[in-house]
Amino acid sequence: MRSHNNLYPLAVIGLLACVGLGLTGMAAGQRDVRPARVQSTDPAIRLEGYAAHLEMTKSSRFQAVAWSHIGPTNVSGRATDIAVVGPRGKSYTIYAATASGGVWKTVNEGTTWEPIFEKAASTAIGDVAIAPSNPEIVWVGTGEANIFRSSQAGCGIYKSTDGGKTWAHMGLADSYTIARIVIHPQNPDIVYVAASGHEWTENAERGVFKTTDGGKSWEKILYISPKTGAIDLMMDPADGETLYAATWQRTRLKWNDPRNFPGYAESGIHKTSDAGKTWKAINTGLPEAQFRGRIGFDICLTKPNVLYALVDNYEKSGTEGPAEATDSYGRPSSGRIKGATLYRSDDRGENWTLTAPTTPETKTLLERHSGTYGWVFGQVRVDPNDENTVYIMGVPLSVSKDGGKTFHELRGMHADHHGLWIDPENSDYLVNANDGGIVISYDGGETWRQFRDNLPVCQFFNIAYDMATPFKVYGSMQDHGSYRGQVIRKTERFTGKILDGFEAVVFEGAPGGEGSSHAIDPVDPDIVYSAGFYGRITRSDMRLPERQRTKSLLPANYPDEPPLRGQWVAPFIISPHNNETIYHGMQSLFRSYNRGDIWERISPDLTYNTAAEMGDIPYHTLFAISESPLRAGLIYLGTDDGKVHVSRDGGKTWSEIMSGLPYQKWVSRIVASAFDLGTVYMTQNGKRDDDFTPYVWKSADFGKTWISIAGNIPFGPVNVIREDPVDRNILYVGTDGGVYVTKDGGKIWSVLGSHLPMVYVHDLIIHPRDNVIVIATHGRGMWAVDADPINEKSKRRPRWWED
């Protein structure tokens with residue numbers, strides 16, 4: 001390991017290269033001559049950065065400040081896989097892999113859950129596996145292979161030999177997404193790994209890997225190309241030398257979901273009969289290569305000649321009509337495809353036969369089974385005791401009892417399914433992983449036991465607060481919608497004495513959807529604005545009956561104007577100078593002086609607006625807005641394609657302020673200082689370039705020049721920066737590893753607090769009245785800490801006294 005002092009210059013080597021070029025902003029219409037963007041951080045730097053983070057945590061001056069989980073206590077979150085120790089009756093141990101909340105373990109079938117994998121360079125989990133010959137040996141592959149809109153990159157594979165008490169990193173750090181781990185049934189030192197590779201960029205560490213020495217060394221035994229990784233992997237239960245692997249050709253773009261592009265032909269199924277020495281393609285009967293997307297498969301335990309394959313089929317359906325012009329989120333649709341198609345082989349994969357859809361009823365069901373996200377799911381399971389009972393996972397979990405010819409949906413649990421375990425001793429016992437967490441059925445899926453209150457792994461995108469007493473925090477959660485909860489200090493039960501820490505509470509539903517930013521009227525906390533689902537915006541009066549409380553406020557567009565483009569979580573703020581003035585960001589900035597009833601466009605399109613980069617996903621949009629608390633009309637804007645602008649006259653004119661900034665890095669936050677008129681802070685996020693450099697910037701001249709204040713922050717990406725409301729020298733940043741604080745304006749940063757796992761901090765607020773810091777994490781809910789040990793507000797004179 002390099003020392004901490006040597007680490008950080010390596011972590012920003014790409015950034016320094018860009019800054020050294022003296023990049024400048026472009027005038028409107030000027031040809032783009034910038035260099036290629038920085039991509040693909042060396043995984044060794046990420047691992048060293050995490051080691052530095054651990055050392056900073058131990059030595060932090062704020063180690064005594066303890067974070068409290070504040071909820072929600074009634075919502076779980078996305079789980080990606082499960083592993084179960086059998087046989088049930090002798091063991092009730094289950095391991096749950098979560099999308100971005102680490103791995104959890106129960107030894108009592110879910111009565112209680114314990115986080116056992118929460119301190120690692122990545123706590124985004126693709127797969128968890130138990131050695132059949134020794135249940136104390138557990139492997140975890142990091143990096144969610146589903147690559148949904150908020151998936152996080154992994155940093156390799158880990159191994160435990162004591163049931164999850166301790167972990168060792170075992171390599172494959174550049175794989176980024178691990179879809180499947182297969183352990184030899186007799187020899188636990190023989191392990192196979194399906195790695196699907198980087199989400200956003202091409203790389204070589206993808207395909208199928210094998211170790212014969214327990215992970216000390218790895219051999220790549222199946223490799224197609226830098227664009228194609230392995231998305232599923234199974235071993236023949238009757239022959240440990242025979243394995244099947246599914247490859248998937250995909251690279252995610254900022255403006256498109258994963259899809260089959262012209263020339264794609266590398267997705268398919270492969271088979272080895274000699275433990276990986278040689279492979280052959282076994283795609284006879286499957287769709288043509290150009291139409292094959294993600295593939296998942298399974299083998300019947302008791303009849304291993306029977307396999308099922310669930311193929312995301314890109315052949316056009318031919319059934320779309322006018323209603324298919326947009327998808328379920330209102331985005332332009334490229335047309336309906338066949339989507340989920342199920343194939344069966346009765347000769348160990350040599351030949352495949354379509355089993356569904358073969359009727360109009362199953363055609364309708366399967367075309368819609370995965371919504372518009374067939375590449376997110378791709379999982380199939382066959383009953384180990386009945387080769388004709390097969391489950392497919394998509395938005396619903398569906399089962400067939402006739403060999404895949406007909407299906408019916410199983411109900412009673414959350415949607416969006418990613419994992420299923422069927423007890424080989426009792427096929428009615430099912431354990432399912434979905435976007436709502438983990439559920440168990442004892443009757444073949446007729447009823448389900450859920451764990452919303454003791455598996456707190458919900459994924460918040462953001463946070464806002466109101467000025468009620470006690471104050472409430474608001475946030476939107478992946479696949480759950482928007483929620484709010486009170487922030488309540490702990491008190492002694494009988495005396496009412498205030499104690500350290502905060503209560504974990506039940507959250508209630510709030511206006512907005514699963515991707516919504518919120519703003520609450522600072523004068524009237526019952527007026528709640530929400531903006532999301534690609535820019536839709538509403539105003540709600542919480543005093544009114546539910547069906548009457550919400551009004552849509554989306555700005556109108558002239559017929560001859562380009563359609564409005566908004567990010568998944570579109571930016572929206574209330575002016576700090578007037579609670580009835582609001583700003584809303586699409587590709588242009590809109591302003592309303594009357595709470596959204598009437599809008600005016602106050603900027604042109606301030607993005608790169610590149611026609612070739614317009615696809616399924618809105619891109620080239622505003623993502624960050626800030627109006628100076630010291631001067632009305634001094635407005636800063638940042639975009640998802642890396643542009644930054646300022647207006648000093650309320651939007652009449654705009655100036656590009658990008659000198660010295662890296663090319664096309666997503667502006668994750670911009671904050672105008674409340675202490676100095678010309679000072680502004682900004683963070684940028686390189687996630688969508690697989691770039692983990694910490695980008696933290698300060699300008700003291702209205703953005704004309706920027707200096708990096710990332711200092712000793714060991715790794716990124718950085719999601720948010722906030723200025724302390726009491727002390728101008730105190731700044732906070734939230735990263736994909738935790739929270740950092742500086743008391744000297746960014747020269748030296750410290751890890752803030754203890755008791756916080758390695759977690760993705762997507763947003764952060766400091767309540768100006770109550771002096772409480774609350775963070776929204778993507779994977780572990782919300783956490784709070786008292787800010788007084790940092791800014792010592794209780795010991796200070798009020799600012800008006802000093803002024």
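In this predicted model, the second largest cavity holds about 90 Å³ of space. Its walls bring together Thr 80, Asp 81, Gly 126, Ala 145, Asn 146, Ile 178, Ala 179, Arg 180, Ile 231, Arg 294, Gln 379 and His 418. If you want to know which elements chip in repeatedly, S2 and S10 are the ones that give two or more residues to this lining. S10 gives the most, with three residues. Chemically, the lining is a mix: four residues count as nonpolar, five as polar and three as charged.

How do we know there's a hole there at all? A probe the size of a water molecule, rolled over the atoms, shows where empty space is left. Done this way, the count comes to six cavities of 30 Å³ or more. The largest cavity has a volume of about 170 Å³. It is lined by 20 residues, and those nearest its centre are Arg 46, Ala 153, Phe 692, Pro 717 and Asp 736. Sorted by class, the lining of the largest cavity splits into 10 nonpolar, five polar and five charged residues.

Now for an open space. The second largest pocket has a volume of about 1300 Å³. Its lining takes in 38 residues, with Ile 130, Pro 132, Met 234, Leu 301 and Trp 421 the closest to its centre. Quite a run of strands feeds into the walls: strand S2 (79-84), strand S6 (125-131), strand S10 (178-183), strand S14 (228-236), strand S18 (292-299), strand S22 (379-382) and strand S26 (417-423) each supply at least two lining residues. S6 provides the largest share, five residues. S2 and S10 should ring a bell, as they also give two or more residues each to the lining of the second largest cavity. As for chemistry, the pocket lining divides into 28 nonpolar residues, one polar and nine charged.

Let's move along the chain to some sheets. One open sheet has four strands in the order S40-S41-S42-S43, paired antiparallel. Strand S40 (572-574) and strand S43 (600-601) sit at the edges, each pairing on one side only. Inside the sheet, strand S41 (residues 582-585) and strand S42 (residues 589-592) run antiparallel over four bridges. To find your place in that pair, look for Tyr 583, whose bridge partner in S42 is Arg 591.

Another open sheet of four strands follows the order S52-S53-S54-S55, again with antiparallel pairing. Here the edges are strand S52 (718-723) and strand S55 (749-751), each of which pairs on one side only. From one strand to the next, the twist averages 25°. S52 pairs with strand S53 (residues 731-735) in the antiparallel sense over five bridges, and Arg 722 has Tyr 732 in S53 as its bridge partner. This sheet also has a helix laid over it: helix H3 (residues 43-59) lies across strand S54 (739-742) and S55, running at about 85° to S55. Arg 46, whose number falls within the H3 range, is one of the residues nearest the centre of the largest cavity.

Last stop: strand S57 and its two neighbours. Is S57 buried or exposed? Six of the six residues of strand S57 (residues 772-777) are buried, so the strand is largely enclosed by the rest of the structure. In a regular strand, side chains alternate between the two faces of the sheet. You can follow that here: Val 772, Val 774 and Ala 776 point one way from S57, while Ile 773, Ile 775 and Thr 777 point the other way, and all are buried.

What pairs with this strand? Coming in, strand S56 (residues 761-766) is joined to S57 by five bridges, and the two run antiparallel. Ile 765 stands opposite Val 774. S56 and S57 form a hairpin with five residues between them, and Asn 771 in the turn has a positive phi of about 55°. Going out, S57 pairs with strand S58 (residues 782-786), also antiparallel and over five bridges. Ile 775 stands opposite Trp 783 in S58. S57 and S58 form a hairpin too, with four residues between them, and Gly 779 in that turn has a positive phi of about 140°.

How values were computed
Residues numbered from 1 in each chain as written. Predicted model: local features only at pLDDT ≥ 70, side-chain atom pairs only at ≥ 80, totals over all residues. Heavy atoms only, no water. Pairing = 2+ DSSP bridges. Axes fitted to C-alpha atoms, helices over the stretch in contact; angles between N-to-C directions. Contact = heavy atoms within 4.5 Å. 1 Å grid on protein atoms, 1.4 Å probe; cavity = no way out; pocket = protein on both sides within 12 Å on 5 of 7 lines; lining within 4 Å. Points joined across faces, edges and corners; volume = space filled by probe spheres on them. Nonpolar A, V, L, I, M, F, W, Y, C, P; charged D, E, K, R; others polar. Buried < 20%, exposed > 50% of the residue type's maximum accessible area, 1.4 Å probe, protein only.
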